[in-house]
2 protein chains.
Amino acid sequence: MAENLTTVISSKTQTVEINRAKPTIIIGERINPTGRKKVLKALQEGDFEMVREDATSQVAAGAAVLDVNAGVPGADEPALLQQVMRTVLEVTDVPLCIDTADPEALEAALSLYEGKALVNSVNGEERALGVVLPLVQEYGAAVIGLCMDDDGIPETPEQRLAVAGMIIERAGALGIPPEDVVIDPLALTMGADSNAGRVALETIELLVEEFGVNITMGASNISFGMPDRKYINAAFIAMAIRAGLTCPITNPLVTEVITAVLAADLSMGRDDYGMLWIQAYRQREKAAQG
Amino acid sequence: MAENLTTVISSKTQTVEINRAKPTIIIGERINPTGRKKVLKALQEGDFEMVREDATSQVAAGAAVLDVNAGVPGADEPALLQQVMRTVLEVTDVPLCIDTADPEALEAALSLYEGKALVNSVNGEERALGVVLPLVQEYGAAVIGLCMDDDGIPETPEQRLAVAGMIIERAGALGIPPEDVVIDPLALTMGADSNAGRVALETIELLVEEFGVNITMGASNISFGMPDRKYINAAFIAMAIRAGLTCPITNPLVTEVITAVLAADLSMGRDDYGMLWIQAYRQREKAAQG
């Protein structure tokens, strides 16, 4: 059993420690135009009000970190991502998770960012490793490593573990320590493969045992195409936290999901006297009353 | 790692197999006057309509077994429990879980029951072992063993494991095989002890590893005194199923709880193509439309 590592990320004024013995860190997913037509349209029109709202509401609902993505087709992504980040920083100072597939946008974002960012993401493809890891190293960031490589997404937990190990090793060769590599086991759609959930959960357990690294996951793909998705996402995220997930990328505004995260922490003895649970309940009541 | 055992219980016409590789078996908890004033009053007045409704609705919502409890203060419990059982058998033929602390009521119920019942429960107290296990053996039933003994409820998972081992051994000495002993790790209230959830989950994991027995649990005590209990119960039951819980005693009419059970099975690869999930969704839609 590997020692549980601590990933530290920070903004100008705030530090967030991710560690398996502490309450789960929620990375708010909503500042992302992918699949959100209204956000996409607003960003295309240079309207950042929705970004501001998504930042404020997610932090109020319990996000300790915000994912920022400005992947608007046809846009100048480096400039747009910087603009989105500046907008977020107007309303909150939680650390950011910089989410882009464009190396120029990544560098623009890292050069603007004050603090230690989390980079979303690298994977095991040679091209990605060669471009993303040097930037992560140069700017002293932490990075999310996806369990996929040039051969695609491996089927078995053991194969995904091997990809994670390779990413951790390649990062280490550049001087990025294992605690700064957060692994995403990849949760695929159960509607397409009944074993998708099981494989993700077992991959998490192997990662914890072998490397002790922190683990992130977008936990909503899993239910794609199913009815009543929020309930699937809620149960799955609670089980994944039990398995070792420490910093899910999710939407804290969905009551079923935020309560599943908080209840998982409570059920694992990480919330003394249920103080966090009760505090979040009051916050929800307040938000519901407007 | 012990082999996963299969507990078989049955009614006159139905057989239920409880095994960790199969979908979770829900034991419906509602036919029980404890803490339900309306049910208590109805039973005191000889009105069994609510029993009939609770049986029908729980089976429709997914209960594969029904717990039957007739613990009405001052009542002739053996006669009342038989009457409750007869009422249930008028509307459904799922196997029953006979829930009583009164040895005479237990014997009356077992003598009436056609099939292999699940007896709820014995514990590690000498008095209980001496009275309940011989009846379980005589009637060829299965039995729930609670992880407590003459010294009360042990604090640590290891101590609870030891009590379970003792109950399994004592049952074995009478010829009751380990697969007919279903263990309840006991989930206490987290509001009173922040570690209550963690201890229950870890006890389940130890029980699976050491004995491979099936595991039941009343999963709602855990949230007593907290706000928004249904969300805690939902997350906790999903985590407990991941740990090894196979036949929770719960209320399948609570959407958050039944969906957590079904989503846990789905997430563990026990629900091919999500057929059970979709079927239950349709059932909920139908019930919601009246």
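How many aromatic pairs does the structure hold over all chains? The count is zero. The model is predicted, and the values below are computed from it. Arginine and tryptophan do meet, however. In chain A, A:R284 lies over the face of A:W277, at 5.6 Å from the ring centre. In chain B, the charged end of B:R284 sits over the ring of B:W277, 5.7 Å from its centre.

The interface comes next. The size of an interface is often given as the accessible area lost when the parts come together. Chain A and chain B bury about 3000 Å² between them. Carbon and sulfur atoms account for 67% of this area. On the side of chain A, A:M239, A:R242 and A:S267 supply 22% of the area buried against chain B. No other three residues of chain A supply more. In terms of contacts, 36 residues of chain A meet 36 residues of chain B. Four salt bridges are counted between the two chains. One of them joins A:R242 to B:E205, with the closest N and O atoms 3.1 Å apart. A:R242 thus appears twice, among the three residues that supply 22% of the area buried by chain A and in a salt bridge to chain B.

Over all chains, the structure holds 28 salt bridges. Among them is the pair of A:E114 and A:K12, whose closest N and O atoms are 4.0 Å apart. This pair links distant parts of the chain, 102 residues apart. A:E114 is in the loop between α4 (103–112) and β6 (118–124) of chain A. A:K12 is in the loop between β1 (7–10) and β2 (15–18). A:E114 is partly exposed, with a relative accessible area of 47%. A:K12 is exposed, with a relative accessible area of 61%.

Another salt bridge joins the side chains of A:R52 and A:E90, at 3.2 Å from N to O. Distant parts of the chain are again linked, here 38 residues apart. A:R52 belongs to helix α2 (residues 49–61) of chain A, and A:E90 to helix α3 (residues 77–91). The relative accessible area of A:R52 is 25%, so this residue is partly exposed. For A:E90 the value is 52%, and the residue is exposed.

A further pair lies within one helix. A:E202 forms a salt bridge with A:R198, with the closest N and O atoms 3.1 Å apart. Both residues lie in helix α7 (residues 196–210) of chain A. They are four residues apart, about one turn of the helix. Both are partly exposed: A:E202 has a relative accessible area of 27%, and A:R198 has 25%.

Salt bridges also form a network in chain A, where they link A:R30, A:R36 and A:D54. In chain B, the place of B:D54 is in helix α2 (residues 49–61). B:D54 has 5% relative accessibility and therefore counts as buried. Leaving aside residues up to four places away in sequence, B:D54 touches B:R30, B:I31, B:R36 and B:V39.

Cysteines were examined for bonding. The structure holds zero disulfides over all chains. Why is A:C97 not bonded to A:C247? The sulfur of A:C247 is the closest cysteine sulfur to that of A:C97, but the two are 8.4 Å apart, too far for a bond. A:C247 is likewise in no disulfide. Both cysteines are buried, with 0% relative accessibility for A:C97 and 0% for A:C247.

The backbone has several features of note. In chain A, the peptide bond from A:N120 to A:S121 is cis, with omega near 20 degrees. A:S121 is found in strand β6. In chain B, a cis peptide bond joins B:N120 and B:S121, with omega about 15 degrees. B:S121 is found in strand β6 (residues 118–124) of that chain.

Positive phi values also occur outside glycine. A:D228 has a phi of about 50 degrees. A:D228 lies in the loop between α7 and α8 (229–243) of chain A and is partly exposed at 25% relative accessibility. For B:Y273, phi is near 60 degrees. B:Y273 is placed in the loop between α9 (255–267) and α10 (275–288) of chain B. At 63% relative accessibility, B:Y273 counts as exposed.

Note on methods
Residues are numbered from 1 along each chain as its sequence is written. Chains are lettered from A and ligands numbered from 1 in the order in which they are written. This is a predicted model: local features need pLDDT of at least 70, side-chain atom pairs count only at pLDDT 80 or more; totals for chains, interfaces and linings use all residues. Side-chain values use heavy atoms; hydrogens and water are left out. Helices (H or I, at least four residues) and strands (E, at least two) are DSSP runs, numbered from the N terminus. Buried means under 20% relative accessible area, exposed over 50%, partly exposed in between (1.4 Å probe, protein chains only). Contact means heavy atoms within 4.5 Å. A disulfide is a pair of cysteine sulfur atoms within 2.5 Å. Rings of Phe, Tyr and Trp (its six-membered ring) pair if their centres lie within 6.5 Å; planes under 30 degrees apart count as stacked, over 60 as edge-to-face and the rest as tilted. A charge sits over a ring if NZ of Lys or CZ of Arg is within 6 Å of the ring centre and within 35 degrees of the ring normal. Buried area is the accessible area (1.4 Å probe) that two parts lose on being put together, summed over both.
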